[in-house]
Structure formats: structure tokens, C-alpha cells
Amino acid sequence: MNTPISWLKAYVPDLDVDINEFVDAMTLSGSHVEGYEKKDKNLEKIVVGRIEKIEKHPDADKLIVCQVNVGSETVQIVTGAPNVKENDLVPVVLDGGRVAGGHDGEPLPEEGIKIKKGKLRGIESFGMMCSIEELGSSRDFYPEAPEYGIYVFPEDAGVKPGDDAVAALGLNDAVVEYEITSNRVDCFSMIGMAREAAATFEKEFIPPVVTVKGSGGNVNDYISVEVKDTDLCTRYTARVVTDIKIGPSPKWMRDRLAAQGIRSINNLVDITNYVMEEYGQPMHAYDLASIAGNKIVVRRAKDGDTFTTLDGQERKMDKDVLMICDGEKEIGIAGIMGGENSMVTDDIKTLLFEAACFDGTNIRLSTKRIGLMTDAAAKFVKGLDPNLAIEAMNRACQLIEELGCGKVVDGVVDVYPNPVSEIELAFEPDKMNRLLGTDVSDEQMLEYFDRLGIKYNRETNMLAIPTFRQDIKCMADLAEEVGRFYGYDNIPTTLPKGEATAGKKGYAERIEDEVRIICEGNGFSGAMCYSFESPKVFDKLLIPADDKARCAIEISNPLGEDFSIMRTIPLNGILTSIATNYNRRNKDARLYELANVYIPKSLPLTELPDEKMKLTMAMYGSGDFFDLKGVLEEMFEKLGFGKEVTFKPTGDHTFLHPGRQADIEKGKLQIGYMGQLHPEAADNYGIKAEVYVAVINMDVITMLSTFDRKYEGIAKFPAVTRDLSMVVDKSIFVGQIEAVIKKCGGKLLEKLTLFDVYEGEQVAEGKKSVAYSMTFRAKDKTLEDAEVGKIIDNIVAELGKLGITLRA
Amino acid sequence: MKEKLQDIRDKALASIEQAKDASMINDIKVAILGKKGELTQVLKSMKDVAPEDRPKVGQLVNEARQSIEEKLEAKLKSINNAVRVEKMKREIIDVTLPGVKKIQGHRHPNQIAVEDLERVFIGMGYEVVRGPEIEYDKYNFELLNIPANHPAKDEQDTFYITKDILLRTQTSPVQARIMEQGKLPIRILSPGRVFRSDEVDATHSPSFHQVEGLVIDKNITMADLKGTLDQFAKEFFGENTKTKFRPHHFPFTEPSAEVDITCFKCGGKGCRVCKGSGWIEILGCGMVHPHVLEMCGIDPEVYSGFAFGIGLERVTLLKYEIDDMRLLYENDMRFLNQF
């Protein structure tokens, strides 16, 4: 919403504040100012001058030398403009002044153009006479200005030499742009904003006094109105104007429209535009001659109907679009755009005015389906006050009369089956103060309400809320009115009292914090990826066609296929980031993400899906499978459940290297999986390096983790260390060997360390050499060699069953 | 006897003084104090001394022994010191050579910002809670005073899964869920992912984060809301930060406000970060709408409360002067390494 200050002053004559003060105060009272533009920001020292005398320039054919009376003196100005003559009144920028731009109408320079006295072909010139473009405007808004040349004030302009030319042109104005919130429909109008400004600055608000004289006749003889769908059209008012005289609008109206950036067309069009700006109520004008049967019918369209709007476009209708029809045919889309078939032309004799109230939601949905948004529809979608329709109608007719645009027939057709009236709310100052934490007096509150047009009945203690304030429905709404005029900045600052509460994070969040620390301590940086992705990722990740992972939740209105399903596996996001790093030639990358995947219980969704928190890690560059595994092992240890976690070889994950992947388990609990990204999948992401990934189920981690620790005492008795070096089939994983050693070692086995794995010349084909160091210790005594010997024998015997022999 | 002791002592002290290294000190020690050392010999000859003189002679011997031992020790220490000084002279390193680093990962800037926020509010007695990211229309809209066909549903450009299930457009549904549970008083902070149908560009993302705060108790006032956010702003953005509350509209709060803070870059003078205004819009807030309390089963005649919502990315981008939101989702190591 934009308002020129000058237009607001039409209703708040005492509004006389500096623009900065205006902007700040309006923002603090709830009309958030997004910006403003001072039309005269670069206009300095510009006065009205009268050309007393014109002589030819002695040395230049195209220049003339003018003596210009600028009030206090007469100055000599040289110009090349062809259109001026003696006695013309023109805007003159004096030596040292400033204009907005050049006469060519090019975009205006930020700082304007400084004007200094100088010589033109040897003749001194003490200023410049200005074109409308040089003053920062255009012929669109000053149609009386010449196409090329100096602006000449019309004879009736009432200006004299020395007057402020900027003020005389109405350019000493600022247009303020507000962000109006959706609840304040009334503020999308000059009158609404003027009311706010008056209330903000405690000035008198004087809305237009609307009277229509009428010229006899009876509107019912001209037109009848039937509203069939009263749910979509809550009110329809119509008046008729005869003897239409199309002509230009008066200057004051053109100026106000110009200030608002609306070009003047003719008196009739200007009046509807003017009323729409002033009241926020769209109006529509029909040529009565084009209306068959002197009848208006408001009804829904039928599915499949087509209709040609006045922009010449044929459009598809459906049964939820409301149409304005005459006795035979459709003549307009209600509230959106009129039809080509009832368009007003310059030949119009008799006019039918429509001011109606259409259901905002229906208009909004219709504009979307039809694909047509108009200024009128933009007003209706906000949900207008039906009582506004009649006010605007009469205002328009008053202007018709005042501008001599036609004769208004007596009477109004007003179809308004369910009139909306003021609601009443109790005046509860204590409750309002309690909600705000303030101590505003009753009188003060009532004064705020009075400024807003909310009347108080002392006898009933009730406040009557005008219908244009549809947003005020309860005590809290009234408290906001008190708050914003008392000033939010005057409300004290306190802290909540009452029962103390313990600030904390949930257990799962604490575990996540630990996981972050461990990941980062090992070189993994936090990544953030999208929750939605393309269904193509399943192919990219080589997921089989019948895999459960492909059962993903689809967004019904996605931004595009790339963002159309909710991820069921967390790898795509992080691999995309890994690819980004790889393509940008970053030498190493290690990333982790903690985020949800979304697993539907059934499809289509009938209840909320499971949102599963996953830790996803990915890396390339320095480090391999075992570096990543080491990080995980350290993580599990730090989280208090490191022992008995197994990394079980598997080939189940199609997107991982078949020989380099493991399921991570503890007992029957699936902690997650890790491995090298399948080279084909890596190819699909354009990564030509070995990528290692891990996906960890945070719900399981949270369940297993514990911050409980019990001190066990530092060993008092000496340990016995034995090394075992063995020859093993290549196909045997060290995990199997370790399981045997751990089982035989029992409680006495304190530590088991793999210190060598070797394949090569000194080992037979198909075999590898594996060497372990074992530490045995008893808590309560010094171990005898014999005891340890027995255990070792046992281990060797058990390993023998796997075909493992000790190395000679 | 006495003279002899004096003689041994003088000679010993003199030779200790002359000693050049640790082995010479040791030789002297053996020659004087060792089993066959001079002083030991004197001690052995004690039996020849008259019994009544023995204590006195004994004392003299001990005195001599003590002074020699002290001297030996002092000399040894000084020799060792000299040796160490020499050694250290040969051990000079170039301390300007680079350190050996272990690769450290870096926290995502958005995560740092959320943790900073959590810390402030946990300190004020708030519990951090979470809610579902895929949510029922009921919690995301209906219980928040946004009925069917409300224009806000359009404004927020919601991603729908079904008619009733959607990607939450705000963290506010967590409010409704917590209120519905009915455990009072409430002081919660709920950070999380939210989704809106915005095309990706430098300032928009279809996925971003909000941090929602909610307090419900008896006698909670708008003054409490102001005080709380004022304290938050000071702790989060710096002691000198000021706040400005502007009236605004949200369907689920009444009265509502938007809050600006004095620009943390320029302190309010006006700069590029605050676009010259000196103020930065940072969050939306308000008193929980009585109708929302009612719908969630809380009696608005007894309880009142406030809620606020902070756009996390906005805070992150401003705080770290990141000029393009897309950087947050690219995860380029050269970006992440800066945090």
C-alpha cells in the first residue's frame, strides 16, 4: 500500500510532520513503513518566473536569450527550448539550485543535477527554465506539458513570479510505502491510512462528506438486480448515471492520482480509480445500452464455459467462478474483470455503476484457477466490509455530479440479504492492562478507541466495533489497539515470575552433541542437506526396483522433480556435497550430517511417518575404510558401549562396494552400516575417488549410550603378555579369529591387539599371516605361567578347527 | 686431631672447587668419604680417642663431613647446570616452523547459531523440545487460528503431502502440541527444520530453520515478553544491543509484534548490513491468542503466555556476514572450514 502524504492531508489537514517523524511514528503504531520517496528530493531553488522579454542569441540560431522575472529580481537565461513566448510563467531553477534529471527523460541520477550560472556561446545565463522531465516527472502526469520544451503553467494555475514552483506543481510530496498486514483490510485505502495517521499523531480525522443530489427518475426503471449465489456475493449495489459527458478530470484529481502513480484517462475512469484508492472498494462501470433485459444476474458459471474478458482474452470458467450476467449473457467475472461485450466506450450515454462485496476466498481461488489477477481482485481477496460498497457507490456518484460527468438517477438498487452490523465487546481495562503488563488509565484507553472510531457506551460498558474493523473480535484484539497507541516502546520490560523451571536439553539432543564433538574431533565437518530430493536418486544409488527404500513420501506440489520426495536414505544429500567438493578440487573432504529420513507407515500417508534421525558420514581423500571405522569405534567407546559392537561383513547394501561393507551391530541391535561407496554409484555422482560412508541410527545409539561410569581400580597385579603369529586362509576375517581368542581368553584377557597382517612372498599362496599381542591379567592375584599356557593351548586348539596354524 | 680434620676439610673443599666434571666429583667423594676415604679413616681411629673427648671429636668429624657433602652437592649441581646449558645451546629449534595439526572438523554455522540460542534460553529455564517435520494441518494451521482457506496458507506456500498432512511451514505447531499435553507451566524452545515453497536463490530456500519459544503461566504479560527478548538480544548479540517492538499481525498471537535490534555491525549508526537503517529485523512474537489457548485446552481466563519465532538462517547470515544462503547447503569445505 502506498500513500502520498498530500492525499492523506486531504482528510487530516493538521498533519504537519517531517517525513522522518511520520515514517517512524507510523511504523511504531503498526503501519510498517517499508520506504518512501520524496518527489522533490533533488529539486532545489526552483521558482516560478515570468518571461519578460525574448531576444535572439547573437551568435547561435537555435538559442534565445530571455529576461525572466523571478520575483525578487529579473535574471537573464539562455535556452534552446522552442516553445516559450513572452509573458509565459515557467519553472526556473536559479544559480546553485538542483533539478532531478535531464530533459531527455533518461533514468534520474541519484543525486540529481546541479545548475550553475555559465555562458552559452558567450552570453551569460543565470539559471535554467525547466521541462517536466527535468523536474523528475513526465507528461503522463502533466498532460498539459509540451512534448519537447519548457513546462508552461496554465493560465488558471494561479501562480506569480517568485512562487515556489515545486509546490505549485504539487511535487513537494512524498509517497510512503507500507507493509499492511492481512488483518487490516481497512488500511488498503487512503481513508483507512488517514484514520491511522490521525490516530497516531492525535489530529482530527475529516473523512469526505458524501451527498448525492440526484436528478430525479427512479433507478428501478433502469435496472433490476438478482443475486442467485448470496454466499459468494454478500452485497450488490447499483446506480445509474445518464447524460454521460466524457472529458478530462480536474487538476486536483489528476494530481492525486499522479501522486499515486496512476495516469489520468478521462473523468469516468478516473472517478472509479479515485474511489478505489480512496475507499479501497473496487467499482465497475457498464454501458447500460449493452445490458440485455435491463437486468443484472449474479450467479456461478458452469463448468466448461468460456468468457472473453475486456483485455480480449478468452478464458475458461468453472462452476465456482462467480459471474455477472445480464438478461441473456455473461458480462463480467465478478470482482476480477469485466467482459469485452459490456465494455465502456467514449460513445456511452447511460452508465451502470456496480459496487459489490464478493467473497474474498472465492475470488482468491478463482484468480488462481483462471490465472488472472487484477487490482480489483487484489482488493476483494482481502475480504471487504460489505458496508463499504454503498459508501463508495455514493462517493462515486457525488464525484460524477461534482465533475459534471453526468446526471445521477435517484435511488440505489441494494441487494443485501444479510446485513453486517457492528459487534459489541465489553470494555475490560483491567484485563487489558494485565495482558500488556501496563497501567493505562480507563480514560486514556477510551481516547485511543475514540480516535479509531470505536464508540463507548458508558451505561452498558460496551464498545461498538465499526464493521470496517473486522479484525477486532475479542479483548486481546482491543488490548493490541491500546498497546500500539500507548506505544510498544512504553510497555515496561520485566521477566516472567512464577514457578522456576529447569532449563535443559533432551537426552537424544545430548547424545547428538557428543556425536558432533567426536565427528569434528576426527576431521568431519557439519553439513546441511535438503530433506527432499529427486526420485532419480534411487537409480543413482543402485537401489533395486523392489527395495523398500523406494517407498518414499511424495510431495503433491513440489518445486520440481528434484525436490519431490522425502528422503528415505540419507546418503544422496551428503554425496552431492562430496561431489561438489570433488568437482571444486578440494583435496580432502570429510562431512557428517545429523538429520531425519522419513519412513512412511503406509502409502499414501494416512498418519504421520516415522522420522528417523540418522548420522551420515562421508569422506574422500586421505583415509580409508579403517580410518572411518576407527572414528566409529572411538565414538561408541566414548558413548559407553564400545565393547561387543561388531562390524559384520555383508553384501546387502547395493550402493556399497560388495567386498568393503559392514553392518554395525550390537547383539540384535542394528547400529548402522558403513563401507566404500560402490564405484558405479560414485561414477553416478561424478566422483572419481574412493568415497567411504557410514550411516548410523541415532535412535539405537541413544538407547545404547550411557553417561554412567564406574571406577574399576587400577590393576595391582602384573600382567602376562603373549604374542601369537599364525597363518590363515585369506578368506577368513580377523573378526572370526578375534571371536575365538576372546571366547577362550575370558575374563583374564585384558587386551587384544592386532599388530600385523601380511600377505606376500613368505606366506603360501591363498594364505595370510596374522599376528596378535594378548595381555592377560587377574584382578586378585599374580597369574602363573601355567595358567596362561593353558589358555593359549586352548586358543591354538580352537583356531586349529578353522584350519589356522601357528607360524613357525 | 682437630688440626688433621681441618686439613682434610680444607684440602677437600679446595679440590672440589677445582673439579671439572661429574666423574671428578665422584672421585673426590670416594677419596674422602668412601670406605677407605680419609675422613672415614679418621672416624675409624676414634677408638684411640679418650672416651670423654669422643663426643667432641665425633661432632668435629660430622661437621667436616657435612660441609664436604654440601660442597660436593653444590658443585655437582653447578656442573650439571653448565652441561645442560651447553646441551640446550645445541638444541635450538626454529619455532617459526609450522605446527603439526590434527585435522579438526568444523561445526556448521547454522548449528553454531542454534546452539548459541539454546544456551541463552536454557539459562533462562527453557527446555529444548522437538516436533515432527511432517505435520498434520491441524497443528500447523488449524490450532494456530489459521482455518481452512485462510490466506496465510497461501502466503506461506505450503508443501502438501495429502490434504491433511504437510511439511510444516513453521515451528509453531510444536507450541500447539506442547500446550495440548497440558503440563503447565510451559517454557520451551523448539528449533527445527521448516519448509516453504520458495525457489532457491541468494535469500530464499525451500528448506530452512526456525527457533520457536513458548511460555505459558499465570500472569504472563507482554512486558514479560519484552523483557525476555530484550535479555536474549543482549546475551546473544552483545550487551549494548537495544530492541524495538513494532506492532504486527500473526494469526496465533494477539497482540503481536516484530522485533528489530540495533545493528550488531555498526551499533545503530547505519551500514551495509542494516541497509543504513541502524536496525535489523530479527523475529516475530506476541501474546498467545486466547482462542489458541482455548483450542489447546488451556483456560485463557487463568493462563496467558507469549510465543516468539526466530528465523535461524537470517541470524546465521547476518552474524557471519554470509551473502548467499545457498552456501549453507553446498557444504563446500572451504566454506565450512571458516567456522
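**Exercise 1. Which residues touch the most other members of the largest nonpolar core?**

Worked solution. Bear in mind that this is a predicted model.

- Step 1: Start with the whole set, which holds 281 residues.
- Step 2: Pick out the residues that touch the most other members: Val90(A), Val92(A), Phe353(A), Ala396(A), Ile578(A), Met617(A) and Val693(A).
- Step 3: Look for the main contributor. Helix 9 (residues 386–402) of chain A gives the largest share of this core, eight residues.
- Step 4: Zoom in on Met617(A). Skipping neighbours within four places in sequence, Met617(A) has contacts with Cys519(A), Phe524(A), Tyr592(A), Leu628(A), Val693(A) and Ala694(A).
- Step 5: Now check what sits apart from this core. There is another one of 13 residues, including Met726(A), Val728(A), Val788(A) and Ile804(A).

As background, nonpolar side chains tend to be buried together in soluble globular proteins.

**Exercise 2. Work out how the radius of gyration of chain A sits against that of a compact globule of 808 residues.**

Worked solution.

- Step 1: For the globule, expect a value near 28 Å.
- Step 2: Chain A comes in at 42 Å instead.
- Step 3: Bring in the box: along the principal axes, the C-alpha atoms of chain A fill roughly 130 × 80 × 60 Å.
- Step 4: Add the burial figure, 42% of the 808 residues.
- Step 5: Finish with the make-up of chain A, namely 20 helices and 39 strands.

**Exercise 3. Is Ala174(A) buried or partly exposed?**

Worked solution.

- Step 1: Place Ala174(A) in strand 11 (residues 174–179) of chain A.
- Step 2: Count C-beta neighbours inside 10 Å: there are 18. Being buried takes 20 or more, so Ala174(A) counts as partly exposed.
- Step 3: List the contacts, leaving out neighbours within four places in sequence: Ile5(A), Ile19(A), Tyr36(A), Glu37(A), Lys38(A) and Lys39(A).

**Exercise 4. Test the span of helix 4 (residues 54–90) of chain B at 1.5 Å a residue.**

Worked solution.

- Step 1: With 37 residues, helix 4 of chain B should span 54 Å.
- Step 2: Its end C-alpha atoms lie 54 Å apart, so the two agree.
- Step 3: Find the buried residues of helix 4 of chain B: Ala64(B), Arg65(B), Ile68(B), Lys71(B) and Leu72(B).
- Step 4: See what covers them. Helix 1 (2–18), helix 2 (22–33) and helix 3 (38–44) of chain B are among the elements that do.

**Exercise 5. How many residues does each chain bring to the contact?**

Worked solution.

- Step 1: Chain A brings 77 residues and chain B brings 72.
- Step 2: On the chain B side, helix 9 (residues 222–237) of chain B supplies the largest share, eight residues.
- Step 3: Sort that side by class: 32 nonpolar, 22 polar and 18 charged residues.

Key. Residues numbered from 1 in each chain as written. Chains lettered and ligands numbered in written order. Predicted model: local features only at pLDDT ≥ 70, side-chain atom pairs only at ≥ 80, totals over all residues. Helix = DSSP H or I, 4+ residues; strand = E, 2+ residues; numbered from the N terminus. Rg over C-alpha atoms; globule rule 2.2 N^0.38 Å. Buried ≥ 20, exposed ≤ 12 C-beta atoms within 10 Å, placed from the backbone. Contact = placed C-beta atoms within 7 Å. Nonpolar A, V, L, I, M, F, W, Y, C, P; charged D, E, K, R; others polar. Expected span 1.5 Å × (residues − 1). Core = buried A, V, L, I, M, F, W, Y, C linked by C-beta atoms within 7 Å.
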